[in-house]
Amino acid sequence: MALYKITAKKTGTWGKVHFEKGMFVEVAIKGAYSSMESIKLVKEAFMRKYNLDIEHFYSSGYLDYEKIN
């Protein structure tokens with residue numbers, strides 16, 4: 001299991017959801033960070049921390065993954 005810091009690379013708005021550059025979460029991910037389970041963990045982390053549904057921002061264009069350990 002690896003710890004990742006997932007950071008917003010740019011600002012965006014989708015309807016009433018505003019995604020700001022620099023927002024980040026840290027998530028422990030088992031396996032590939034592109035798996036369905038990992039995607040779910042990242043989305044849940046953003047919801048917990050920012051009360052933000054990142055469904056429309058979940059892509060390499062908006063998110064940067066940095067492996068911490």
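What share of the contacts in the protein chain with a separation of 6 or more comes from residues 24 or more positions apart? The figure is 54%. I will come back to that through one residue, but let me begin with the chain as a whole. Please keep in mind that this is a predicted model.

The chain holds five strands and one helix. Reading from the N terminus, the order is β-β-β-β-α-β. In other words, the helix comes after four strands and is followed by one more strand.

Now the overall dimensions. Along the principal axes, the C-alpha atoms occupy a box of roughly 35 × 20 × 20 Å. The radius of gyration is 11 Å, and a compact globule of 69 residues would be near 11 Å, so the two agree.

Next, the surface. The accessible area of the chain is about 4,600 Å². Carbon and sulfur atoms account for 53% of that area. Of the 69 residues, 30% are buried.

On charge, there are 11 positive side chains and 8 negative ones. The centres of these two sets are 1 Å apart.

I have picked two residues to look at in detail. The first one up is Val-25, in strand 4, which covers residues 24-29. Why does Val-25 count as buried? Because its relative accessible area is 4%, and the cut-off for buried is under 20%.

What does Val-25 touch, beyond its neighbours within four places in sequence? Its contacts there include Tyr-4, Lys-5 and Ile-6. Val-25 also meets Ala-45, Phe-46, Lys-49 and Tyr-50. Those last four fall within the residue range of helix 1, which is 36-50. Met-1, at the start of the numbering, is 24 residues from Val-25 in sequence. In space, the C-alpha atoms of Val-25 and Met-1 are 16 Å apart.

The other residue is Ser-38, which sits in helix 1. Is Ser-38 buried or exposed? It is buried, because its relative accessibility is 1%.

The side chain of Ser-38 makes a polar contact with the side chain of Ser-35, at 3.0 Å. Setting aside neighbours within four places in sequence, Ser-38 is in contact with Ile-29, Lys-30, Ala-32 and Tyr-33. Of these, Ile-29 is in the range given for strand 4, residues 24-29.

To return to the opening figure, residues 24 or more positions apart supply 54% of the contacts with a separation of 6 or more. That is the end of my part.

Definitions and conventions: Residues are numbered from 1 along each chain as its sequence is written. This is a predicted model: local features need pLDDT of at least 70, side-chain atom pairs count only at pLDDT 80 or more; totals for chains, interfaces and linings use all residues. Side-chain values use heavy atoms; hydrogens and water are left out. Helices (H or I, at least four residues) and strands (E, at least two) are DSSP runs, numbered from the N terminus. Buried means under 20% relative accessible area, exposed over 50%, partly exposed in between (1.4 Å probe, protein chains only). A polar contact is a pair of N or O atoms within 3.5 Å; within protein, one must be able to donate a hydrogen and the other to accept it, and residues adjacent in sequence count only if both atoms are side-chain atoms. Contact means heavy atoms within 4.5 Å. The radius of gyration is taken over C-alpha atoms; the globule rule is 2.2 Å times the number of residues to the power 0.38. Accessible areas come from the Shrake-Rupley method with a 1.4 Å probe; for residues, only the protein chains shown count as cover. Lys and Arg count as positive and Asp and Glu as negative; His and the chain ends are not counted. The place of a charge is taken as NZ of Lys, CZ of Arg, CG of Asp or CD of Glu.
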